[in-house]
Amino acid sequence: MNKQLKILLLESIMYDYDLIIQELKKLNISYTTKQVSDEKKFQHAVKKYKPDIILSDYSLPKYDGMSALLHTLKVSPQTPFIVVTKSINEEIAVDCIKAGATDYVTKENLPRLLKAIKEALKKKKILREQEITKTRLIEGEKRYRQLFKDSIDPILIIEDYKFTDCNDATVKFLNYKSKSQFLNKPPSDLSPEFQPDGKTSKDKALEMMNLALKNGNHNFEWIHLTKEKK
């Protein structure tokens, strides 16, 4: 990794904390840790320390893992949250998983902690990449819609062999009052009976659209009729 992994530990028992640290040393990556043991310090650390992952005991003197999880889900939902607890709390840990925790590890089986951390970070990376892809798609769609709207050239969109959208330039070019006047109509409805090559507009429209569907795109010339000539 290019930066140090920041690990927040919600743990009040120093002996258990030391055992967890011994396991973390086996990660073979650069990391820093911050230990807290109560609600106020935990919430402050989530906000200021901005951990990459949280390891939380379930039972603390004045706080509990479920409350810590719910706070994390509220303020930092992308942060992996692993419950590290005694086996007697295993059933409660499962409830944490159902509530949104990434994983749980019993203190009697700490060697599994490394695997849980690696899997959690892997899942976080995948989710982050998906979020980036989604954001780029949304931004790309916005740019496309703006170019579509502002273009001085007529642009029509066809789906299922009918016009489903067009830009303002199309309405002006064809001399219609609004695009609603010809949407959901086939291209042949806005065309003369025959195209220059002698084919009927209806037959040629179907032929050209099928070629575009087959090849991904298809360039061709087309004669439309404006509103006055219809």
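# Exercises on a predicted model

**Exercise 1.** In this predicted model, at what angle do helices H1 and H5 pack, and how far apart are their axes?

*Solution.* Two packed helices are described by the angle between their axes and by the distance between those axes. Step one is to locate the helices: H1 covers residues 14-24, and H5 covers residues 113-150. Step two gives the angle, about 65°, and the separation of the axes, 9 Å. Step three concerns handedness: H1 and H5 cross in the right-handed sense. Step four names the residues that meet: Ile-20, Glu-23 and Leu-24 on the H1 side, with Leu-113, Leu-114 and Ile-117 on the H5 side. In this contact, 5 residues are nonpolar, none is polar and 1 is charged.

**Exercise 2.** Determine how strands S1 and S2 pair, and which unit they make with H1.

*Solution.* Begin with the strands: S1 spans residues 5-10 and S2 spans residues 31-36. They are joined by 6 bridges and run parallel. As an example of the register, Leu-9 lies opposite Gln-35 of S2. Then add the helix: S1, H1 and S2 together make a β-α-β unit, which is right-handed.

**Exercise 3.** Give the order of the strands in the open sheet, and explain why one side of S2 and of S7 has no neighbour in the sheet.

*Solution.* The sheet contains 5 strands, ordered S2-S1-S3-S6-S7, with parallel pairing. S2 and S7 (103-106) occupy the edges; each has a single partner strand, and therefore one side of each lacks a neighbour in the sheet. From one strand to the next, the twist averages 20°. Within the sheet, S3 (residues 53-56) and S6 (residues 81-85) are parallel and share 3 bridges. One bridge pairs Ser-56 with Val-83 of S6. Finally, helix H3 (residues 65-75) lies across S1, S3 and S6, and runs at about 175° to S6.

**Exercise 4.** Which residue forms a salt bridge with Glu-11, and where in the chain do the two residues lie?

*Solution.* The whole structure holds 10 salt bridges. Among them, Glu-11 is paired with Lys-107, with 2.9 Å between the closest N and O atoms. Next, place each residue: Glu-11 is in the loop between S1 and H1, while Lys-107 is in the loop between S7 and H5. The two residues are 96 residues apart, and the pair thus links distant parts of the chain.

Technical notes:
Residues are numbered from 1 along each chain as its sequence is written. This is a predicted model: local features need pLDDT of at least 70, side-chain atom pairs count only at pLDDT 80 or more; totals for chains, interfaces and linings use all residues. Side-chain values use heavy atoms; hydrogens and water are left out. Two strands pair if DSSP finds at least two bridges between them. Helices (H or I, at least four residues) and strands (E, at least two) are DSSP runs, numbered from the N terminus. A crossover is right-handed if, with the strands pointing away from the viewer, the path from the first strand over the helix to the second runs clockwise. Axes are lines fitted to C-alpha atoms, for helices over the stretch in contact, and angles run from 0 to 180 degrees between N-to-C directions. A crossing is left-handed if the near helix is turned anticlockwise from the far one by less than a right angle, and right-handed if clockwise. Contact means heavy atoms within 4.5 Å. Ala, Val, Leu, Ile, Met, Phe, Trp, Tyr, Cys and Pro count as nonpolar, Asp, Glu, Lys and Arg as charged, and the others, Gly among them, as polar. A salt bridge is a side-chain nitrogen of Lys or Arg within 4 Å of a carboxyl oxygen of Asp or Glu.
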